[in-house]
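Trainee: I should like to learn how to read charged pairs, enclosed spaces and loop contacts in a model. May we go through them in turn?

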Amino acid sequence: MTVAIDNVAQERLAKRFDKWDADGNGLLEPSDFTTEAANIARAFGESPESPKASALRDGFVALFGDLARRAGVAPQGSIDREQFLRAAGEIVQGGAATFDPVFAPVAKGIVGLADRNGDGVIDGEEFATWLNALGLGQAEARAAFQQIDTDGDGTLSEQELLAAVRKFHLGELDVELLG
């Protein structure tokens, strides 16, 4: 991996830390991850207590647990910025073999929330709803969808979404997926 990609990954992970630090105390805690899941659920018009939102929350809780373990912190502990950047950097730079198992439950939860017609994939309109919730406009959402729909079938599978999130964090994709 080149230094430029490493720098982009570091910058995006730092932005991710700031986004997830819901209470702004400079630490990531399990509650920050459940807050993020609830915020995403609300953006899709879903109650944070619904089954779909619960699946996303469980994915985020598992993600925090993995980060905590890598940071040498108890599962209910706190992770500071340096610990997060080290632990998350290890996950991201490990490529698909490391990243995918950790983030797959979150991607599955997002697909579950975004998939309004129940076909198990996200179409362009459903994807635009998510990106609109992140603050992107319709034209940006359409362009982003075309970049991420790698097989060109007009839908995004969990695997395509997972690959896009991984590539974004590696600096290989410039579609804004942080909000």
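Trainee: In this predicted model, are D100 and R166 buried or exposed?

Mentor: Both D100 and R166 are buried. Side chains of opposite charge can pair when their charged atoms come close. Here D100 and R166 form a salt bridge, with 2.9 Å between the closest N and O atoms. The bridge links distant parts of the chain, since D100 belongs to helix α5 and R166 to helix α8, 66 residues apart.

Trainee: How many salt bridges are there by this rule, and which residues do bridges with shared partners join into one network?

Mentor: The count is nine. The network consists of D66, R69, R70 and E90.

Trainee: Which residue forms a salt bridge with D174?

Mentor: The partner of D174 is R12, and their closest N and O atoms are 2.9 Å apart. D174 is in the segment after α8 (158–170), while R12 is in helix α1, 162 residues away. D174 counts as exposed because its relative accessibility is 63%, and exposed means over 50%. R12, by contrast, is buried, with a relative accessible area of 14%.

Trainee: Where do R116 and E46 lie in the chain?

Mentor: R116 is in the loop between α5 (96–114) and β3 (122–123), and E46 is in the loop between α2 (30–43) and α3 (51–71). Their side chains meet in a salt bridge of 3.4 Å, N to O. R116 is partly exposed at 45% relative accessibility, whereas E46 is buried at 18%.

Trainee: Turning to enclosed spaces, how many cavities of 30 Å³ or more does a search of the whole structure find?

Mentor: Rolling a probe the size of a water molecule over the atoms shows where empty space is left. The search finds two such cavities. The second largest holds about 50 Å³ of space. Its lining includes L13, W20, F84 and H169. Helix α1 gives the largest share of that lining, three residues. By class, the lining has six nonpolar, one polar and one charged residues.

Trainee: Which residues does G154 touch, leaving aside those up to four places away in sequence?

Mentor: G154 touches I122, D123, G124, F145 and D149. G154 itself lies in the loop between α7 (138–148) and β4 (155–156). G124 is 30 residues from G154 along the chain, and their C-alpha atoms are separated by 6.8 Å. At 33% relative accessibility, G154 counts as partly exposed.

Trainee: What is the mean pLDDT of the protein chain?

Mentor: The mean is 89, and 95% of the residues reach 70 or more. Over residues 1–5, however, the pLDDT is below 50.

Note on methods:
Residues numbered from 1 in each chain as written. Predicted model: local features only at pLDDT ≥ 70, side-chain atom pairs only at ≥ 80, totals over all residues. Heavy atoms only, no water. pLDDT = per-residue confidence, 0-100. Contact = heavy atoms within 4.5 Å. 1 Å grid on protein atoms, 1.4 Å probe; cavity = no way out; pocket = protein on both sides within 12 Å on 5 of 7 lines; lining within 4 Å. Points joined across faces, edges and corners; volume = space filled by probe spheres on them. Helix = DSSP H or I, 4+ residues; strand = E, 2+ residues; numbered from the N terminus. Nonpolar A, V, L, I, M, F, W, Y, C, P; charged D, E, K, R; others polar. Buried < 20%, exposed > 50% of the residue type's maximum accessible area, 1.4 Å probe, protein only. Salt bridge = Lys/Arg side-chain N within 4 Å of Asp/Glu carboxyl O.
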